[in-house]
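Q: I would like to learn how to read a sheet, the helices beside it and a chain contact. Could you walk me through them?

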Amino acid sequence: MSQVQKTIGDTLLKVEGISLSFGGVKALADISFEIKQHEILAIIGPNGAGKSSMLNVINGFYHPQEGTISYRGEARRRMRPHVAAKQGIARTFQNIALFKGMSTLDNIMTGRLLKMRRNFLWQALYWGPAQREETEHRTFIEKIIDFLEIQAIRKTPVGRLPYGLQKRVELGRALAMEPELLLLDEPMAGMNVEEKEDMCRFILDVNDEFGTTIALIEHDMGVVMDISDRVIVLDYGRKLADGAPDEVRADQHVIDAYLGVSHD
Amino acid sequence: MNDVVGPKSSQTTRQAPDGCDTFPKLLIHNAEKRGDLPAMREKDLGIWQSWTWREVLDQVRALACGMTALGLKRGDKVAIIGDNRPRLYWTMVAAQAVGGIPVPIYQDSVADEMAFVIDHAEARFAMAEDQEQIDKLLEIKDRCPKLEQVIFDDSRGMRHYRQDFLTEFDEVQSRGRAFDRDNPGFFDVEVAKAKGGDVSIYLYTSGTTGQPKGVVLSFENVIRTAQNGIDFEGLTADEEMLAYLPMAWVGDHIFSYGQSYCAGFCVSCPESSATVMHDLRELGPTYFFAPPRIFESILTTVMIRMEDASWLKRKMFHAFMAVARRCGVDILAGRPVPPGDRLLYALGGLLVYGPLKNTLGFSRIRLAYTAGEAIGPDIFDFYRALGINLKQLYGSTEASVFITIQPDGEIKPDTVGKPAPEVEIKIADNGEVLFKSPGVFLEYYKSPEATAETKSADGWVHTGDAGFLGDDGQLKIIDRAKDVGKLNDGSLFAPKFIENKLKFFPEIKEAVAFGDGRDHVAAFINIDLEAVGSWAERHGVPYGSYQELAALPEVYEIVREHVAQVNRDLSTDPHLASSQIKRFLILHKELDADDGELTRTRKVRRRIVADKYLPLIDGLYSDAERVHIDTEVTFEDGRKGRLSADLKIGAAETYEAEPLKRAS
């Protein structure tokens with residue numbers, strides 16, 4: 001089959017010398033790496049390695065004591081999540097964070113809020129430009145629903161859905177922001193093989209069709225090695241390795257971190 | 001007995017509408033006569049999109065010319081693979097317009113099955129719905145040397161497919177529009193070339209044994225049968241229908257294609273196969289077909305949801321359903337009913353039946369058919385009691401569907417009706433049902449022996465089903481003729497008849513009965529995960545998997561009672577009393593089409609099941625109380641695994657045969 005090689009672009013986000021501690025606990029120590037445009041980057045590491053903390057830092061949820069993050073060449077010292085969102089960084093959470101009582105459609109629609117130009121009053125009136133705007137947004141949402149193949153649960157309250165589908169809805173909400181950089185925190189945790197395969201396909205399709213850059217945390221090594229262009233390994237807040245899946249797999253430090261080292 | 005029922009000679013030759021003898025001609029006719037009325041709808045991006053007859057003609061014209069530009073020649077076969085989509089229906093008529101022959105293929109076929117049909121039909125073109133089907137086609141392309149061009153409808157995920165034989169649907173149409181400009185009149189000339197007697201379609205039957213066979217139908221077969229159905233039921237251009245059953249199945253071809261083109265009514269395609277129930281409700285069809293298992297699962301869902309409803313609603317539902325069961329069927333049939341009941345029924349209509357039908361999307365149904373398998377009398381009466389005109393019919397691919405239909409006012413749960421217009425029926429000496437009709441197929445493609453076996457020189461077609469005609473002139477089907485066997489004591493053994501009785505219980509999804517050449521009858525049972533799972537939930541019985549649930553002693557007890565009930569019923573019929581089930585077991589896995597145990601239309605493949613589970617059958621006919629089995633299973637993605645289990649064998653009560661009643 002003639003596969004087209006995908007082109008990975010310039011640096012989209014640059015992390016330099018990030019250190020983060022909570023009291024005496026050092027969660028991240030002097031971490032530096034880059035996320036390049038259009039790539040799928042996986043961040044892996046044992047439990048407590050600082051993976052989620054890293055995403056939270058990129059996302060502006062945590063504020064590192066040291067180091068800088070520059071996004072599209074623009075350095076930022078202190079970042080708020082909503083500013084990150086406005087700049088085009090969207091994320092999903094390890095423990096699903098959806099509005100359980102709201103329908104799939106409404107949940108995904110919330111991802112669109114930042115894109116709405118009319119204020120609350122206009123929307124309450126639902127007339128003229130506000131109505132047009134709502135229709136445009138709804139069309140966009142419907143494309144996501146179609147993309148993620150969740151038409152059948154469009155009107156179902158999210159709390160009634162099985163876990164795998166909730167994860168998909170959460171991805172839908174992140175996509176509704178039309179992000180440039182998508183952060184996925186364990187998108188496949190707790191899924192069965194079939195659900196994982198579906199999710200992999202969606203992630204690859206998002207990356208391919210929309211050109212979205214993706215950084216994801218994942219424990220399933222098979223998945224990571226299959227879909228990512230580059231892998232970063234963290235352990236106890238330090239960066240162990242950074243490279244193509246095959247290089248990382250062969251790296252002695254990584255093998256030691258995962259399998260343990262003999263102490264004699 | 002050689003009773004022939006039906007017209008001895010065709011009394012009236014029915015004309016296709018305005019002399020149109022092919023579907024492309026009918027399309028042009030509809031575009032002229034009702035050009036601005038909707039012909040097709042599809043729910044896309046959450047909204048029902050529609051195309052008028054004129055727009056459909058425009059689309060089809062562009063597609064037909066486009067396929068010609070790609071090299072389609074008169075007589076070429078076009079494989080069509082995918083869910084019910086307007087564009088796939090248009091491919092059928094577009095192929096027919098330029099002399100091609102559409103060959104729809106079941107969309108859930110695995111690659112091997114697909115390769116067989118495409119290779120056997122010698123398809124040069126294929127129209128695939130999406131990436132999933134394209135991937136299957138690419139996998140088998142080497143085995144189908146005749147296949148040259150592949151067109152795809154949905155371009156999702158297809159960006160990196162660079163094979164030069166792949167073309168996107170829109171691209172084909174834009175080439176077609178250019179071709180049409182350069183060759184004005186080409187389309188109309190090509191359409192005019194075809195005649196009613198020409199081949200219109202190959203429909204491959206899934207077949208309970210062996211490889212599928214390609215049933216060749218002419219335009220006349222399909223159009224005349226469709227028109228007969230329309231006249232018989234008084235269908236009009238105002239009907240609404242949801243096309244959701246496989247396009248490769250003859251029923252869908254007649255109902256959603258043949259009859260739609262002949263009567264001019266609009267056909268709607270669901271958003272996806274998972275949204276059918278939602279779409280049904282939004283659409284509110286007036287004309288509806290579903291196999292018994294769908295009516296069954298709808299009823300099961302209703303019952304389960306009523307169990308979870310509030311106290312008042314549940315009471316009301318049960319009270320008014322009792323009223324409906326008492327008099328609803330009679331009211332629908334127009335028989336006299338006491339005024340008190342009539343009043344209660346009217347009140348029930350307001351409070352229960354109306355809202356329930358609305359929830360199911362059945363509010364506007366004027367005509368609903370079921371066929372393919374026997375339907376449980378309780379299920380059948382449930383829908384009729386609600387005021388839904390549900391009827392049974394009997395048909396086959398070889399007949400272009402209609403063989404018998406139940407006429408209004410003569411509806412019974414255990415018959416399949418009287419011969420359809422222009423159909424003659426007789427019963428052979430071995431009990432097999434034979435028929436003759438204008439819908440009789442031309443041949444099985446490339447297999448003259450099979451054709452000769454099924455269709456006799458004087459035009460009678462063997463259905464392979466055993467049945468008899470009752471005193472009321474209605475046909476009753478008991479089993480496949482070849483499956484009817486004998487027990488060692490010489491008495492009749494009709495496995496399907498017994499299995500159907502078992503399957504009428506909501507907890508039993510599938511059953512396979514054995515007894516031919518044996519001393520007594522034994523059976524495999526498949527439990528229904530939804531019904532039994534719901535029971536387990538309500539009674540706080542924990543289970544981890546289907547296998548675990550199926551092995552619970554409580555579940556065995558439920559099934560044992562049902563088997564005993566079936567035995568009680570069988571004991572009342574002197575011919576069948578010796579067919580009572582002595583021993584049974586509950587299978588640890590669901591019988592599955594992917595494992596070859598069921599056909600794609602979910603009929604049990606008896607021989608395969610018997611071979612595969614031989615140790616279990618031996619267990620049933622021994623004194624063993626448990627039996628071990630190790631089976632291969634196929635997962636949805638095609639990988640294989642092994643499943644082993646230790647199954648318990650249950651014994652059921654049997655009853656003394658009732659003495660023959662003396663005629664009084």
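A: Let us take the sheet, then the helices, then the contact between the chains, keeping in mind that this is a predicted model.

Q: In what order do the strands of the open sheet in chain A stand?

A: Strand order is read across the sheet, from partner to partner. In chain A, 6 strands line up as β6-β7-β8-β3-β9-β10, with mixed pairing. On average, neighbouring strands here are turned by 15° against each other, direction ignored.

Q: Why is one side of β6 and of β10 in chain A left without a neighbour in the sheet?

A: β6 (89–92) and β10 (238–243) of chain A each have a single partner strand and stand at the edges, so one side of each has no neighbour in the sheet.

Q: How do β3 and β8 of chain A run, and how many bridges join them?

A: Strand β3 (residues 40–44) and strand β8 (residues 213–217) of chain A run parallel, joined by 4 bridges. Within this pair, A:Leu41 stands opposite A:Ala215.

Q: Which strands of chain A does helix α1 lie across?

A: Helix α1 (residues 51–58) of chain A lies across β3, β6, β7, β8 and β9, at about 150° to β7(A). Helix α6 (residues 163–176) of chain A lies across β6 and β7, at about 170° to β6(A).

Q: How many residues does each chain bring to the contact?

A: Chain A brings 14 residues and chain B brings 12. On the chain A side, α5 (129–147) and α7 (193–209) each supply at least two residues, and α5(A) gives the most, with 4 residues. By type, the chain A side divides into 2 nonpolar, 4 polar and 8 charged residues.

Key. Residues numbered from 1 in each chain as written. Chains lettered and ligands numbered in written order. Predicted model: local features only at pLDDT ≥ 70, side-chain atom pairs only at ≥ 80, totals over all residues. Pairing = 2+ DSSP bridges. Axes fitted to C-alpha atoms, helices over the stretch in contact; angles between N-to-C directions. Contact = placed C-beta atoms within 7 Å. Nonpolar A, V, L, I, M, F, W, Y, C, P; charged D, E, K, R; others polar.
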